Amino acid sequence: MSSQMAIRCSVMRGGTSKGLYFHAGDLPNDSPTRDAVLLAAMGSPDTREIDGMGGGHPLTSKVAVVRPSKRDDADVDYLFLQVWPDRAEVSDSQNCGNLLAGVGPFAIEEGLVKATGETTNVRIWMENTHSLAVASVQTPNGRVRYDGATHIDGVPGTHAPIAIEFLDVAGSTCGALLPTGHAIDVIEGIRVTCIDNGMPVVCLKAEEVGLSGYEEPLAIENNHDVCELVERLRLAAGPLMNLGDVTSATVPKMCLLAPPQHGGIISTRTFIPKRVHDAIGVFGAVSVATACLVPGSVAHELARGAAGDDVLNIEHPTGFFSVTLDVNVNGSDMVVNYAALLRTARLLMRGDVFVPSAAWPDA
(Lines give C-alpha, C1' and ligand atoms only; values in the text may rest on other atoms or scores of the structure.)
Protein backbone atom coordinates (compact mmCIF):
# COMPACT_ATOMS: atom_id res chain seq x y z
CA MET A 1 0.00 0.00 0.00
CA SER A 2 1.37 3.41 -0.98
CA SER A 3 1.99 5.90 1.79
CA GLN A 4 0.21 8.58 -0.26
CA MET A 5 -2.96 8.76 -2.30
CA ALA A 6 -3.89 11.05 -5.17
CA ILE A 7 -7.14 13.01 -5.35
CA ARG A 8 -7.97 15.00 -8.46
CA CYS A 9 -8.70 18.68 -8.03
CA SER A 10 -8.27 22.09 -9.60
CA VAL A 11 -6.59 25.12 -8.11
CA MET A 12 -8.48 28.28 -8.96
CA ARG A 13 -8.52 31.92 -8.02
CA GLY A 14 -12.07 33.01 -7.41
CA GLY A 15 -12.42 36.74 -6.89
CA THR A 16 -9.87 37.78 -4.27
CA SER A 17 -9.51 34.27 -2.82
CA LYS A 18 -7.81 31.08 -3.92
CA GLY A 19 -8.60 27.47 -3.20
CA LEU A 20 -8.95 23.85 -4.21
CA TYR A 21 -12.01 22.78 -6.21
CA PHE A 22 -13.12 19.15 -5.89
CA HIS A 23 -15.80 16.92 -7.33
CA ALA A 24 -17.90 15.82 -4.34
CA GLY A 25 -17.61 12.21 -5.50
CA ASP A 26 -13.83 12.32 -5.19
CA LEU A 27 -13.96 13.08 -1.46
CA PRO A 28 -15.04 10.93 1.51
CA ASN A 29 -18.76 10.85 2.23
CA ASP A 30 -18.44 11.28 5.98
CA SER A 31 -17.49 14.74 7.23
CA PRO A 32 -14.76 13.76 9.74
CA THR A 33 -12.78 11.80 7.12
CA ARG A 34 -13.38 14.48 4.49
CA ASP A 35 -12.09 17.14 6.87
CA ALA A 36 -9.00 15.06 7.68
CA VAL A 37 -8.28 14.75 3.95
CA LEU A 38 -8.72 18.48 3.36
CA LEU A 39 -6.52 19.41 6.32
CA ALA A 40 -3.81 17.15 4.90
CA ALA A 41 -4.26 18.59 1.41
CA MET A 42 -3.85 22.15 2.71
CA GLY A 43 -1.06 21.33 5.17
CA SER A 44 -3.03 22.48 8.19
CA PRO A 45 -2.60 23.08 11.07
CA ASP A 46 0.52 25.10 10.36
CA THR A 47 0.55 28.87 9.99
CA ARG A 48 2.69 28.52 6.86
CA GLU A 49 0.86 25.43 5.56
CA ILE A 50 4.27 24.51 4.23
CA ASP A 51 3.42 20.80 3.84
CA GLY A 52 0.33 21.36 1.72
CA MET A 53 -1.38 23.52 -0.88
CA GLY A 54 -2.62 26.22 1.48
CA GLY A 55 -1.19 29.71 1.38
CA GLY A 56 -0.94 30.32 5.12
CA HIS A 57 -3.87 32.75 5.14
CA PRO A 58 -7.64 32.20 5.44
CA LEU A 59 -8.15 33.75 1.99
CA THR A 60 -5.87 31.17 0.36
CA SER A 61 -6.93 28.15 2.41
CA LYS A 62 -10.39 27.53 0.99
CA VAL A 63 -12.19 24.61 -0.62
CA ALA A 64 -15.11 24.36 -3.06
CA VAL A 65 -16.90 21.02 -3.30
CA VAL A 66 -19.07 20.77 -6.42
CA ARG A 67 -21.56 18.13 -7.55
CA PRO A 68 -24.32 17.84 -10.18
CA SER A 69 -27.52 19.15 -8.64
CA LYS A 70 -30.68 17.10 -8.19
CA ARG A 71 -32.70 20.31 -8.00
CA ASP A 72 -34.79 21.42 -10.96
CA ASP A 73 -33.70 25.03 -10.49
CA ALA A 74 -29.93 24.40 -10.29
CA ASP A 75 -27.18 22.88 -12.42
CA VAL A 76 -24.66 22.23 -9.66
CA ASP A 77 -24.48 22.27 -5.88
CA TYR A 78 -21.61 24.14 -4.22
CA LEU A 79 -20.39 23.59 -0.68
CA PHE A 80 -17.82 26.03 0.67
CA LEU A 81 -15.37 24.84 3.32
CA GLN A 82 -12.93 27.09 5.19
CA VAL A 83 -9.74 25.28 6.18
CA TRP A 84 -8.03 27.18 8.97
CA PRO A 85 -4.24 27.43 8.70
CA ASP A 86 -3.66 27.80 12.45
CA ARG A 87 -5.85 25.00 13.78
CA ALA A 88 -7.17 21.59 12.75
CA GLU A 89 -10.60 22.86 11.80
CA VAL A 90 -12.72 22.80 8.66
CA SER A 91 -15.81 25.02 8.79
CA ASP A 92 -18.98 25.06 6.70
CA SER A 93 -20.69 27.75 8.80
CA GLN A 94 -20.51 30.44 6.12
CA ASN A 95 -20.63 30.90 2.37
CA CYS A 96 -17.89 32.34 0.16
CA GLY A 97 -18.86 34.50 -2.77
CA ASN A 98 -15.30 34.77 -4.00
CA LEU A 99 -14.78 31.04 -4.49
CA LEU A 100 -18.31 31.02 -5.89
CA ALA A 101 -16.92 32.98 -8.86
CA GLY A 102 -14.87 29.93 -9.85
CA VAL A 103 -17.70 27.40 -9.56
CA GLY A 104 -19.22 28.24 -12.96
CA PRO A 105 -15.91 27.94 -14.84
CA PHE A 106 -15.04 24.76 -12.92
CA ALA A 107 -18.41 23.19 -13.74
CA ILE A 108 -17.96 23.92 -17.45
CA GLU A 109 -14.31 22.84 -17.54
CA GLU A 110 -15.22 19.55 -15.83
CA GLY A 111 -18.19 18.78 -18.07
CA LEU A 112 -20.81 19.24 -15.35
CA VAL A 113 -22.41 22.03 -17.39
CA LYS A 114 -22.35 22.30 -21.17
CA ALA A 115 -21.32 25.60 -22.75
CA THR A 116 -24.32 27.10 -24.53
CA GLY A 117 -22.91 29.93 -26.65
CA GLU A 118 -20.92 33.10 -26.15
CA THR A 119 -22.11 33.20 -22.54
CA THR A 120 -23.18 30.28 -20.36
CA ASN A 121 -25.37 30.80 -17.32
CA VAL A 122 -24.60 28.34 -14.52
CA ARG A 123 -27.28 27.97 -11.84
CA ILE A 124 -25.61 27.24 -8.52
CA TRP A 125 -27.28 25.97 -5.36
CA MET A 126 -25.22 27.24 -2.44
CA GLU A 127 -25.44 24.49 0.18
CA ASN A 128 -24.11 26.60 3.06
CA THR A 129 -26.96 29.11 2.87
CA HIS A 130 -29.60 27.13 0.94
CA SER A 131 -29.92 29.79 -1.72
CA LEU A 132 -29.40 30.20 -5.46
CA ALA A 133 -26.93 32.17 -7.55
CA VAL A 134 -26.61 32.46 -11.31
CA ALA A 135 -23.11 32.98 -12.73
CA SER A 136 -22.70 34.23 -16.30
CA VAL A 137 -19.47 32.81 -17.74
CA GLN A 138 -18.00 33.83 -21.08
CA THR A 139 -17.67 30.71 -23.27
CA PRO A 140 -16.76 31.67 -26.85
CA ASN A 141 -16.35 28.60 -29.08
CA GLY A 142 -17.48 26.44 -26.18
CA ARG A 143 -14.45 27.19 -24.02
CA VAL A 144 -14.23 29.15 -20.78
CA ARG A 145 -12.60 32.50 -21.37
CA TYR A 146 -10.37 33.86 -18.63
CA ASP A 147 -8.70 36.85 -20.33
CA GLY A 148 -10.56 40.11 -20.58
CA ALA A 149 -10.70 43.77 -19.63
CA THR A 150 -12.34 43.56 -16.19
CA HIS A 151 -10.33 44.59 -13.14
CA ILE A 152 -11.37 43.88 -9.57
CA ASP A 153 -9.51 45.53 -6.71
CA GLY A 154 -7.29 43.10 -4.84
CA VAL A 155 -6.33 41.14 -7.99
CA PRO A 156 -3.58 42.26 -10.38
CA GLY A 157 -4.32 42.66 -14.06
CA THR A 158 -7.59 42.24 -15.93
CA HIS A 159 -9.70 39.18 -16.71
CA ALA A 160 -13.01 38.09 -18.20
CA PRO A 161 -15.99 39.29 -16.18
CA ILE A 162 -18.24 36.86 -14.31
CA ALA A 163 -21.56 38.44 -13.41
CA ILE A 164 -23.22 36.79 -10.41
CA GLU A 165 -26.87 37.32 -9.53
CA PHE A 166 -28.10 36.25 -6.10
CA LEU A 167 -31.62 34.97 -5.67
CA ASP A 168 -33.28 35.19 -2.26
CA VAL A 169 -30.18 35.38 -0.03
CA ALA A 170 -31.69 37.88 2.43
CA GLY A 171 -31.80 36.22 5.85
CA SER A 172 -30.42 32.98 4.43
CA THR A 173 -28.33 32.28 7.54
CA CYS A 174 -30.07 34.17 10.34
CA GLY A 175 -33.68 33.84 9.20
CA ALA A 176 -34.27 37.55 8.53
CA LEU A 177 -32.56 40.48 6.85
CA LEU A 178 -32.45 42.23 10.24
CA PRO A 179 -32.12 39.22 12.57
CA THR A 180 -32.76 41.20 15.76
CA GLY A 181 -35.72 43.02 14.27
CA HIS A 182 -34.00 46.37 14.82
CA ALA A 183 -31.91 48.72 12.72
CA ILE A 184 -29.87 49.50 15.84
CA ASP A 185 -28.86 47.36 18.80
CA VAL A 186 -26.57 48.35 21.67
CA ILE A 187 -23.87 45.93 22.86
CA GLU A 188 -21.49 47.02 25.63
CA GLY A 189 -22.64 50.58 25.05
CA ILE A 190 -21.75 50.46 21.33
CA ARG A 191 -24.41 50.97 18.65
CA VAL A 192 -24.39 48.23 16.03
CA THR A 193 -26.48 47.08 13.08
CA CYS A 194 -26.90 43.32 12.66
CA ILE A 195 -27.74 42.32 9.08
CA ASP A 196 -27.80 39.22 6.88
CA ASN A 197 -28.08 39.58 3.12
CA GLY A 198 -26.02 36.52 2.24
CA MET A 199 -23.55 36.94 5.13
CA PRO A 200 -24.26 37.70 8.80
CA VAL A 201 -22.48 40.99 9.50
CA VAL A 202 -22.32 43.31 12.50
CA CYS A 203 -21.75 46.89 11.39
CA LEU A 204 -20.33 49.45 13.82
CA LYS A 205 -18.60 52.79 13.59
CA ALA A 206 -14.80 52.50 13.77
CA GLU A 207 -14.67 55.58 15.99
CA GLU A 208 -16.67 53.69 18.64
CA VAL A 209 -13.70 51.35 19.16
CA GLY A 210 -11.12 54.14 19.06
CA LEU A 211 -10.10 53.88 15.39
CA SER A 212 -10.44 56.14 12.38
CA GLY A 213 -11.53 53.26 10.14
CA TYR A 214 -8.76 53.96 7.65
CA GLU A 215 -5.97 51.97 9.34
CA GLU A 216 -4.13 49.22 7.47
CA PRO A 217 -5.34 45.69 8.32
CA LEU A 218 -2.08 44.70 10.04
CA ALA A 219 -2.18 47.79 12.25
CA ILE A 220 -5.65 46.83 13.42
CA GLU A 221 -4.61 43.21 14.02
CA ASN A 222 -1.73 44.46 16.18
CA ASN A 223 -4.08 46.55 18.32
CA HIS A 224 -4.93 43.84 20.83
CA ASP A 225 -7.35 45.99 22.86
CA VAL A 226 -9.45 46.68 19.77
CA CYS A 227 -9.34 43.04 18.65
CA GLU A 228 -10.45 41.83 22.08
CA LEU A 229 -13.31 44.33 22.17
CA VAL A 230 -14.47 43.43 18.66
CA GLU A 231 -14.42 39.74 19.54
CA ARG A 232 -16.50 40.36 22.68
CA LEU A 233 -19.04 42.21 20.57
CA ARG A 234 -19.08 39.35 18.07
CA LEU A 235 -19.69 36.74 20.76
CA ALA A 236 -22.52 38.82 22.19
CA ALA A 237 -24.08 39.41 18.76
CA GLY A 238 -24.17 35.70 17.87
CA PRO A 239 -27.21 34.76 20.00
CA LEU A 240 -28.98 38.02 19.06
CA MET A 241 -28.65 37.04 15.38
CA ASN A 242 -30.03 33.51 15.91
CA LEU A 243 -26.54 32.05 15.47
CA GLY A 244 -26.16 30.72 19.01
CA ASP A 245 -22.69 30.35 20.50
CA VAL A 246 -20.27 31.62 17.83
CA THR A 247 -17.07 31.07 19.81
CA SER A 248 -15.70 28.67 17.20
CA ALA A 249 -17.75 29.96 14.26
CA THR A 250 -16.61 32.20 11.42
CA VAL A 251 -19.77 34.31 11.55
CA PRO A 252 -20.92 36.93 12.16
CA LYS A 253 -18.29 39.07 10.45
CA MET A 254 -17.49 42.33 12.20
CA CYS A 255 -17.24 45.38 9.96
CA LEU A 256 -15.81 48.69 11.14
CA LEU A 257 -17.30 51.58 9.18
CA ALA A 258 -16.19 55.13 8.44
CA PRO A 259 -17.22 57.84 5.97
CA PRO A 260 -15.89 57.19 2.45
CA GLN A 261 -12.62 58.74 1.36
CA HIS A 262 -12.40 57.88 -2.34
CA GLY A 263 -15.82 58.46 -3.86
CA GLY A 264 -17.54 55.32 -2.60
CA ILE A 265 -20.52 55.22 -0.27
CA ILE A 266 -18.73 53.94 2.84
CA SER A 267 -15.31 52.77 4.04
CA THR A 268 -14.87 49.33 5.62
CA ARG A 269 -12.45 47.25 7.65
CA THR A 270 -13.71 43.68 8.11
CA PHE A 271 -12.70 40.97 10.59
CA ILE A 272 -12.85 37.40 9.15
CA PRO A 273 -13.37 36.88 12.10
CA LYS A 274 -10.01 37.40 13.84
CA ARG A 275 -7.79 38.44 10.95
CA VAL A 276 -8.61 41.69 9.16
CA HIS A 277 -9.51 41.25 5.49
CA ASP A 278 -7.21 42.87 2.93
CA ALA A 279 -10.37 43.68 0.98
CA ILE A 280 -13.92 42.56 1.86
CA GLY A 281 -15.77 39.33 1.21
CA VAL A 282 -18.39 39.12 -1.52
CA PHE A 283 -21.38 38.47 0.72
CA GLY A 284 -19.96 40.76 3.37
CA ALA A 285 -19.96 43.56 0.80
CA VAL A 286 -23.54 42.75 -0.19
CA SER A 287 -24.68 42.87 3.45
CA VAL A 288 -22.84 46.16 4.15
CA ALA A 289 -24.23 47.72 0.96
CA THR A 290 -27.72 46.67 2.04
CA ALA A 291 -27.15 48.13 5.51
CA CYS A 292 -26.35 51.46 3.86
CA LEU A 293 -29.93 51.53 2.59
CA VAL A 294 -31.59 50.60 5.91
CA PRO A 295 -33.01 53.80 7.43
CA GLY A 296 -31.60 54.46 10.89
CA SER A 297 -28.80 51.91 10.64
CA VAL A 298 -25.20 52.63 11.62
CA ALA A 299 -24.19 52.27 7.98
CA HIS A 300 -26.97 54.58 6.77
CA GLU A 301 -25.70 57.31 9.09
CA LEU A 302 -22.24 57.18 7.49
CA ALA A 303 -23.18 56.43 3.87
CA ARG A 304 -22.71 59.11 1.26
CA GLY A 305 -24.83 59.24 -1.89
CA ALA A 306 -26.49 55.84 -1.38
CA ALA A 307 -30.11 56.89 -1.71
CA GLY A 308 -31.44 56.02 -5.17
CA ASP A 309 -28.20 54.45 -6.36
CA ASP A 310 -28.36 51.04 -8.03
CA VAL A 311 -24.60 50.43 -7.90
CA LEU A 312 -23.01 50.91 -4.49
CA ASN A 313 -19.22 51.13 -4.28
CA ILE A 314 -17.94 49.78 -0.97
CA GLU A 315 -14.46 51.04 -0.08
CA HIS A 316 -12.03 48.55 1.48
CA PRO A 317 -8.26 48.54 2.21
CA THR A 318 -7.24 47.74 -1.38
CA GLY A 319 -9.91 49.54 -3.39
CA PHE A 320 -13.62 49.20 -4.13
CA PHE A 321 -16.23 46.47 -4.29
CA SER A 322 -19.26 47.32 -6.43
CA VAL A 323 -22.65 45.84 -5.51
CA THR A 324 -25.82 46.22 -7.58
CA LEU A 325 -28.95 46.35 -5.42
CA ASP A 326 -32.64 46.85 -5.99
CA VAL A 327 -34.61 47.24 -2.77
CA ASN A 328 -38.01 48.47 -1.66
CA VAL A 329 -38.07 50.44 1.58
CA ASN A 330 -41.39 51.06 3.31
CA GLY A 331 -40.83 52.69 6.67
CA SER A 332 -38.86 50.18 8.74
CA ASP A 333 -39.55 47.33 6.29
CA MET A 334 -37.15 46.47 3.49
CA VAL A 335 -37.47 43.93 0.69
CA VAL A 336 -34.40 43.04 -1.38
CA ASN A 337 -35.57 42.44 -4.95
CA TYR A 338 -32.20 41.94 -6.61
CA ALA A 339 -28.53 41.70 -5.68
CA ALA A 340 -25.67 41.18 -8.10
CA LEU A 341 -21.98 41.86 -8.53
CA LEU A 342 -19.04 41.34 -10.86
CA ARG A 343 -16.11 39.03 -10.15
CA THR A 344 -13.36 37.32 -12.12
CA ALA A 345 -11.73 33.90 -11.80
CA ARG A 346 -8.84 31.96 -13.29
CA LEU A 347 -7.94 28.30 -13.51
CA LEU A 348 -4.39 28.00 -12.16
CA MET A 349 -3.76 24.25 -12.16
CA ARG A 350 -5.51 20.93 -12.33
CA GLY A 351 -4.28 17.47 -11.53
CA ASP A 352 -3.86 15.48 -8.33
CA VAL A 353 -3.24 16.60 -4.80
CA PHE A 354 -1.43 14.01 -2.70
CA VAL A 355 -2.35 13.32 0.91
CA PRO A 356 -1.08 10.68 3.35
CA SER A 357 -3.04 7.45 2.92
CA ALA A 358 -3.64 7.42 6.68
CA ALA A 359 -5.97 10.42 6.27
CA TRP A 360 -8.42 8.23 4.32
CA PRO A 361 -7.76 4.66 5.40
CA ASP A 362 -10.93 3.20 3.85
CA ALA A 363 -10.41 4.69 0.39
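Before we look at the helix, let me say that a residue is called buried when its relative accessible area is under 20%. With that in hand, and remembering that what we have here is a predicted model, let us turn to helix α2, which covers residues 97-109.

This helix has 13 residues and reaches 19 Å from its first C-alpha to its last, which is close to the 18 Å expected at 1.5 Å a residue. Along the way α2 bends by about 25° at Val-103, and a proline, Pro-105, follows within four residues. After the helix comes Gly-111, whose phi is positive, near 80°.

How many of the residues of α2 are buried? The count is 12 of the 13, and so the helix is largely enclosed by the rest of the structure. Among the buried residues are Leu-99, Leu-100, Phe-106 and Ile-108, and both Val-103 and Pro-105 are on the list as well.

Now let me move to the cysteines, beginning with Cys-96, which is itself buried, with a relative accessible area of 4%. A disulfide is a covalent bond between the sulfur atoms of two cysteines, and this structure holds zero disulfides. Why does Cys-96 not form one? The closest cysteine sulfur to its own is in Cys-255, and because that sulfur is 16 Å away, it is too far for a bond.

For Cys-203, the closest cysteine sulfur is also in Cys-255, here at 5.5 Å, and that too is too far for a bond, since the cut-off for a disulfide is 2.5 Å. Cys-203 counts as buried, at 0% relative accessibility.

Definitions and conventions
Residues are numbered from 1 along each chain as its sequence is written. This is a predicted model: local features need pLDDT of at least 70, side-chain atom pairs count only at pLDDT 80 or more; totals for chains, interfaces and linings use all residues. Side-chain values use heavy atoms; hydrogens and water are left out. Buried means under 20% relative accessible area, exposed over 50%, partly exposed in between (1.4 Å probe, protein chains only). Helices (H or I, at least four residues) and strands (E, at least two) are DSSP runs, numbered from the N terminus. The expected span of a helix is 1.5 Å times one less than its number of residues. The bend at a residue is the angle between axes fitted to the seven residues ending there and the seven starting there.
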